[in-house]
There are 2 protein chains.
Amino acid sequence: LANGPGDRARTAIEGRSPARAPAARCSFLLSQGPGTPSKQQSIQETTMKFLHTMLRVRDLDAALHFYVDLLGLKEARRRVDEKNKYTLVFLYAPDDEAVVQDSMKKTGRDQPMVELTYNWDTEDYGEARYFGHLAYEVDDIYAVCDKLMKAGVTINRPPRDGNMAFVRSPDKHSIELLQKGKPLPPQEPWASMPNTGHW
Amino acid sequence: LANGPGDRARTAIEGRSPARAPAARCSFLLSQGPGTPSKQQSIQETTMKFLHTMLRVRDLDAALHFYVDLLGLKEARRRVDEKNKYTLVFLYAPDDEAVVQDSMKKTGRDQPMVELTYNWDTEDYGEARYFGHLAYEVDDIYAVCDKLMKAGVTINRPPRDGNMAFVRSPDKHSIELLQKGKPLPPQEPWASMPNTGHW
């Protein structure tokens, strides 16, 4: 379960100034204005939008402590089904609130969400590398990692570059954190902190 | 790897009219206008936004045939790293184009994306129930399932209710499809088609 080359080399990708590099790579995308779908799209394609990524968790309290209390996601809605013995919790990132609201207004469904599925049983959901991670952009990557570390979360890939970090949820889901805007100046204890485990 | 109770009972959740039910469940969310973060958020919380879900794929051509040619996702950008022998492809849903563009303008990073990581090796990435699925809302769930079925994709959970279907990618990632707006009227061959396998 070691990280593959596509994981190891991510620093080179994400270390570039995000204000310039991705914009250049996405030039074809930005050449189309919003609300003006191409002729091909409107005629030939069934349109679709992303709604959520669903992850299963074994301990809902532990999962919510990680995602809500520590990472800062917000709970949008929850369904508790006592007959079928499961709970679904939908979470979104604070900066996505306007997108969530706009999506609700347009089609009655919220995006982009993480859906946590908690079945009230004792199944071990395992882990496999076919799932990679969820990625979030944060205002202050050092502040987020500091909060996580003080709460006992291992910073598997510390933000040595002031730009990128990886941690894992209680259910072993990898979470990538990326600094908003330019990378922060290198800062201890992160700058000299080695990697721990895999992610 | 059978589906758990939280999966089996999803029809009851998603079968309700999406224009009413989720709105009621999200009433607290909609009470805040966009661009007006709560005092608690601006003072105490590090804000963040969702960027992408990363999934690893063994055969990039097969994965792109499924996600782009059949499902209809669009490629936003790609990174080919010949030295470290990997390729990253970022995909988004057509209806998310305005959100993607707005995200790029605001912080230089695109959301919401699916990142496919293709390491040029022969590793088997396996599967595990800790990853659930990606969910997309589609304009015509019958048309999408018909296109997939004719291309040889198993419709694991056919849209018997005109509202929800599950399929799996070549790398065994489950994809949930949900009908935009109200469920479509029941229609053959879907109405009488049984489930196949798990998802």
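Modeller: Buried means under 20% relative accessible area, and exposed means over 50%. Keep in mind that this is a predicted model.

Biologist: Good to know! Why does B:Glu137 count as buried?

Modeller: B:Glu137 has 1% relative accessibility, and the cut-off for buried is under 20%, so B:Glu137 counts as buried.

Biologist: What makes B:Glu137 and A:Lys49 a salt bridge?

Modeller: Their closest N and O atoms are 3.9 Å apart, and the limit is within 4 Å, so the pair qualifies. B:Glu137 lies in strand 5 of chain B and A:Lys49 in strand 1 of chain A, so this pair joins two chains. A:Lys49 is buried too, at 6% relative accessibility.

Biologist: Which residues share a salt-bridge network with B:Glu137?

Modeller: Salt bridges with shared partners join B:Glu137 to A:Lys49 and A:Arg109 in one network.

Biologist: And why is A:Glu123 called partly exposed?

Modeller: A:Glu123 has 26% relative accessibility; partly exposed covers the range between the 20% and 50% cut-offs, so the term fits A:Glu123. Its salt-bridge partner is B:Arg129, with the closest N and O atoms 2.5 Å apart. B:Arg129 is buried, at 6%.

Biologist: How do you know that the side chain of B:Gln179 makes a polar contact with B:Ile141?

Modeller: The side chain of B:Gln179 reaches the backbone nitrogen of B:Ile141 at 2.8 Å, and the limit is within 3.5 Å, so this is a polar contact. B:Gln179 sits in strand 7 of chain B and is buried, at 2% relative accessibility. Its contacts include A:Arg109 and B:Glu137, two members of the network above.

Definitions and conventions
Residues numbered from 1 in each chain as written. Chains lettered and ligands numbered in written order. Predicted model: local features only at pLDDT ≥ 70, side-chain atom pairs only at ≥ 80, totals over all residues. Heavy atoms only, no water. Helix = DSSP H or I, 4+ residues; strand = E, 2+ residues; numbered from the N terminus. Buried < 20%, exposed > 50% of the residue type's maximum accessible area, 1.4 Å probe, protein only. Polar contact = N/O pair within 3.5 Å; in protein donor to acceptor, adjacent residues only side chain to side chain. Contact = heavy atoms within 4.5 Å. Salt bridge = Lys/Arg side-chain N within 4 Å of Asp/Glu carboxyl O. Lists of a residue's contacts leave out its neighbours within four places in sequence.
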